[in-house]
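Colleague: Can you walk me through this one? Start wherever you like.

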Protein chains: 4
Amino acid sequence: MRIVVVNNKRLASTVEMGQRLAQALVAMGIEVLIDSSSAVITALPFEAMIVLGGDGTMIRTARQYADRDVPVLGVNMGTVGFLSNIRAEELDQYLERFVQGDFGLEERMLQEVSLHQDGTLIGSLLSLNEVSIKSQGSRIITVAVKVDGHHHGLYRGDGVIIATPSGSTAYSLSCGGPIIDPALDAFALTPITSYQLNKRPLVIAAAKHIEIDPFDGEQYHIAVDGQVTRAISGDCSIHVRKADHRLRLAIMKPRHFFETIMERLQRDS
Amino acid sequence: MRIVVVNNKRLASTVEMGQRLAQALVAMGIEVLIDSSSAVITALPFEAMIVLGGDGTMIRTARQYADRDVPVLGVNMGTVGFLSNIRAEELDQYLERFVQGDFGLEERMLQEVSLHQDGTLIGSLLSLNEVSIKSQGSRIITVAVKVDGHHHGLYRGDGVIIATPSGSTAYSLSCGGPIIDPALDAFALTPITSYQLNKRPLVIAAAKHIEIDPFDGEQYHIAVDGQVTRAISGDCSIHVRKADHRLRLAIMKPRHFFETIMERLQRDS
Amino acid sequence: MRIVVVNNKRLASTVEMGQRLAQALVAMGIEVLIDSSSAVITALPFEAMIVLGGDGTMIRTARQYADRDVPVLGVNMGTVGFLSNIRAEELDQYLERFVQGDFGLEERMLQEVSLHQDGTLIGSLLSLNEVSIKSQGSRIITVAVKVDGHHHGLYRGDGVIIATPSGSTAYSLSCGGPIIDPALDAFALTPITSYQLNKRPLVIAAAKHIEIDPFDGEQYHIAVDGQVTRAISGDCSIHVRKADHRLRLAIMKPRHFFETIMERLQRDS
Amino acid sequence: MRIVVVNNKRLASTVEMGQRLAQALVAMGIEVLIDSSSAVITALPFEAMIVLGGDGTMIRTARQYADRDVPVLGVNMGTVGFLSNIRAEELDQYLERFVQGDFGLEERMLQEVSLHQDGTLIGSLLSLNEVSIKSQGSRIITVAVKVDGHHHGLYRGDGVIIATPSGSTAYSLSCGGPIIDPALDAFALTPITSYQLNKRPLVIAAAKHIEIDPFDGEQYHIAVDGQVTRAISGDCSIHVRKADHRLRLAIMKPRHFFETIMERLQRDS
């Protein structure tokens, strides 16, 4: 059995914890690979992942490894984590059960964000939270939105966000979007700020696909999960679909989204 | 073949149109039953319905007949209708196709709203749009919300709304709720006005069930689709689930929800 | 010297405190009148007031006594008070300074709310917080709003609020209104919930006067400060102006509105 | 008599109109100076200004010339203008009255925005609409806000706006701020988007002064009226006060702010 341990090389505590954990796993006869950076480390197959850190590390893990379809255990190293299930000090207690596959799964929808320039696909990423198309500087931008190929409308303002249910408690919420049950396959389309008084957040079935076409000549940047950012100026369009893969969170301790969401949001703000 | 025609006895135009339509259907060899009021008219089986009027008439039809699972054609008699598919002057043109069953179907989720008093079920209704639990007069009320039996939180203010996707463009939208794709099976839980600054609209998978428990001693009323209203003072709880039946709208002319939603909302406001 | 002590006859603690306070004042050679109810007790002149209780009691005091133009000391008896300046346990410490007139003043704008029926003035009240014109039951109402006699627009929904700066942190805030500096003479015009997507809260200079004309046949009630409520059905109009008098709060301990407002709001929600 | 005519050198129609207007004024014995760019053209005294173009040109004029305290006539050249009073085709009709000083005045509050770096004042600008302190890229920023030297609170999100009443219908409105009567001397403090659920727009008396202190190390830019932008990274603070000067709009045709505001906003969105 092989397990990938992900830590955050900028957080000494997670690096140290990663080494302790690797020793414990090796002692259990498990092969361990450690991923400390944003470069995917291995083409080798593996059966499970343990992520040490906050939601940022989990979001990167989802983007890079979700196509492996293995269970991922999130271990909270101090900061608030919507995606982690146990705290660092609980890891010893739950490790054996995790290795034995004795846990539940909570699946999280991912979205696939593709960027087309002059009609050509130039890149595609998995996103756990959201993609934002956002004005640079102080000028408003105008973007046309299509849903399943049908023109929905123009949005004028600081830009728009397409968020997953996981992302509905992050940037989209700051912009007035609703909190969406992770059990739903849906997108939130949320204006960042809107010059038009009648715009409201939309919740769109994830079986549909969304296309964002900023007007030519606008200066904006695209950010995927706030981690991968690209400044754009030219003829681009952004396509968002539900991804074929999901983040498969290992659940050692059952939890109910709506039971804890308000406390977690408040602790975090 | 038997068709029920629903009109609105307070709108002469729909009554007259109902008579003309009945004659046309009879001439085609179809038996016609006319429902002009809010009392269900028949225990007889029938194969289809035609609803003459605005969304209010369609909402009543859904509440009273959705358990028959027959296709319903909405005919707009002048007012804006989110649920009608053709205008009155188009009825002649489409009637034969409708009678022959040559149309698409757009299904709309219904919710079942049950009222329990002192632990006993005292009534249950189908709802196409929303149930609101709302303060009477000028005092705020406090309601506890459970999702799938787990305590979610307390809401203090003028009350709360549980809306379907169909209802997300009605009262829930007035209160800041998101617009939800009718293709999703989901509830919007929207505070009417909130004394608590951190409350936000929630979108909850309709596989879950929601319970609203107003605090004892509060004075409030419950309104289902704004049509059936009941004043309450005492120990009550309101349960909301997805209904077993759906409204099955006959679609003569294909349409796309997100293509037309903003225009329909603007025309209406 | 004569001082009016206001308590809340439904709160034993304030009644008891009122008696203790009266004894202390009498021992200082001061004549005391106790007002425990909502009936104005005296035509006698007096020089100052002490209000024992929460904001509700202060609001009633403002409505009934603001035309006396005397300083009012608010004593918080446990609940959160935006308007009280000292806590019950501090009263002994500050009483002598208060009696000697050694304090600052913070003035709060009041509004005068007049109700006209069929063109005739049928009543007029002072209001410290807000007047709300609000639908009864589940139907939306339409009201026309004039500012200084000029038609401003129609509001369709659950109704509207006209709030003072003091009232901007109460019901108006629940409905999305802004928090307004009490140093400003201004009204907030806030829709309670709006059927029209483009309505936004307005802040109107209090030198202007506002007229609300509900459409004939609407069923609504008018609430002044949530304390005086009247159900209306018929031809009415509500006029709001800045009052000639202000609530003159005695300030023993200087405070800064924006320094404490967020904490006070959070404690309260 | 000397009049400054302001046009927009990028709009041929305003340049051409400027020349026609100059000829007409010269024929009336008036000396004319034309300002076509963003460089202040003259140290000479003058008695009045005519601004050809949209609100952008008027905003620049206010920033550059408000300290001259002369009346300014705004002439709308096609785009929607909140600040212009007559249309291009009406100029002939009103010119003589304007030259003779036969008009009303509507004064608009300006704010003075000062930027301090490492404790030193490095620049100060007049602003008619707003100053925004806004994150660059996709990271949230944290800013501390002081009102009259007292700590008010921390804002985490995309940043904050300090707007005048004139600016309350511009970017601040897009971010959920209230519409403020230009007759009031007030600031709106509006979060652009807020990571904290409990933040609400504030309306602050303009007699107070506001200080914004972004946390060290944040990357943000400051934009004054969307026209003057500066990227910042380092120890800065932004101070906002009411300016000593006002924009003095010449009013040939009386108008009432609340009578027309909703139509003007709708036309514009």
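**Strands, rings and an interface**

Modeller: I'll start with one strand pair. Strand 13 (residues 186-191) of chain B runs antiparallel to strand 14 (residues 202-205) of chain B, and four bridges join them. Strands here are DSSP runs of E, at least two residues long, and helices are runs of H or I of at least four, numbered from the N terminus. Two strands pair if DSSP finds at least two bridges between them.

Colleague: Which residue is the bridge partner of B:Ala188 in strand 14 of chain B?

Modeller: B:Val203.

Colleague: Before we go on, what are the ground rules?

Modeller: This is a predicted model: local features need pLDDT of at least 70, side-chain atom pairs count only at pLDDT 80 or more, and totals for chains, interfaces and linings use all residues. Residues are numbered from 1 along each chain as its sequence is written, chains are lettered from A and ligands numbered from 1 in the order in which they are written, and side-chain values use heavy atoms, leaving out hydrogens and water.

Colleague: Back to the sheet. In what order do the seven strands of the open sheet with 12(A) come?

Modeller: The order is 12(A)-14(B)-13(B)-11(B)-8(B)-16(B)-17(B), with mixed pairing. Strand 12 (179-180) of chain A and strand 17 (228-233) of chain B stand at the edges. Each has a single partner strand, so one side of each is left without a neighbour in the sheet.

Colleague: And the open sheet with 12(B), what is its order?

Modeller: That one reads 17(A)-16(A)-8(A)-11(A)-13(A)-14(A)-12(B), seven strands, also mixed. Its edge strands are strand 17 (228-233) of chain A and strand 12 (179-180) of chain B, each pairing on one side only. Within it, strand 11 (residues 159-163) of chain A pairs antiparallel with strand 13 (residues 186-191) of chain A over four bridges. There A:Ile161 stands opposite A:Thr190.

Colleague: Switching to strand 1 of chain B. Buried or exposed?

Modeller: Buried, meaning under 20% relative accessible area (exposed is over 50%, partly exposed in between; 1.4 Å probe, protein chains only). Five of the five residues in strand 1 (residues 2-6) of chain B are buried, so the strand is largely enclosed by the rest of the structure.

Colleague: Which residues sit on each face?

Modeller: B:Arg2, B:Val4 and B:Val6 are on one side, B:Ile3 and B:Val5 on the other. In a regular strand the side chains alternate between the two faces of the sheet. Strand 1 of chain B pairs parallel with strand 2 of chain B over five bridges. B:Ile3 has B:Val32 as its bridge partner there.

Colleague: How many aromatic pairs over all chains?

Modeller: Twelve. Rings of Phe, Tyr and Trp (its six-membered ring) pair if their centres lie within 6.5 Å; planes under 30 degrees apart are stacked, over 60 edge-to-face, the rest tilted. One of the pairs is A:Phe46 with A:Tyr65, edge-to-face, 5.9 Å centre to centre and 75° between the planes. A:Phe46 is in the loop between strand 2 (31-35) and strand 3 (48-52) of chain A, and A:Tyr65 is in helix 2 (residues 55-65) of chain A, 19 residues apart.

Colleague: Are those two rings buried or exposed?

Modeller: A:Phe46 is buried at 7% relative accessibility, and A:Tyr65 is buried at 2%.

Colleague: Last topic. How many residues of chain C are in contact with chain B?

Modeller: 23, touching 23 of chain B; contact means heavy atoms within 4.5 Å. The rule finds two salt bridges across that interface, each a side-chain nitrogen of Lys or Arg within 4 Å of a carboxyl oxygen of Asp or Glu. B:Lys134 and C:Asp158 meet in a salt bridge at 3.1 Å, N to O.
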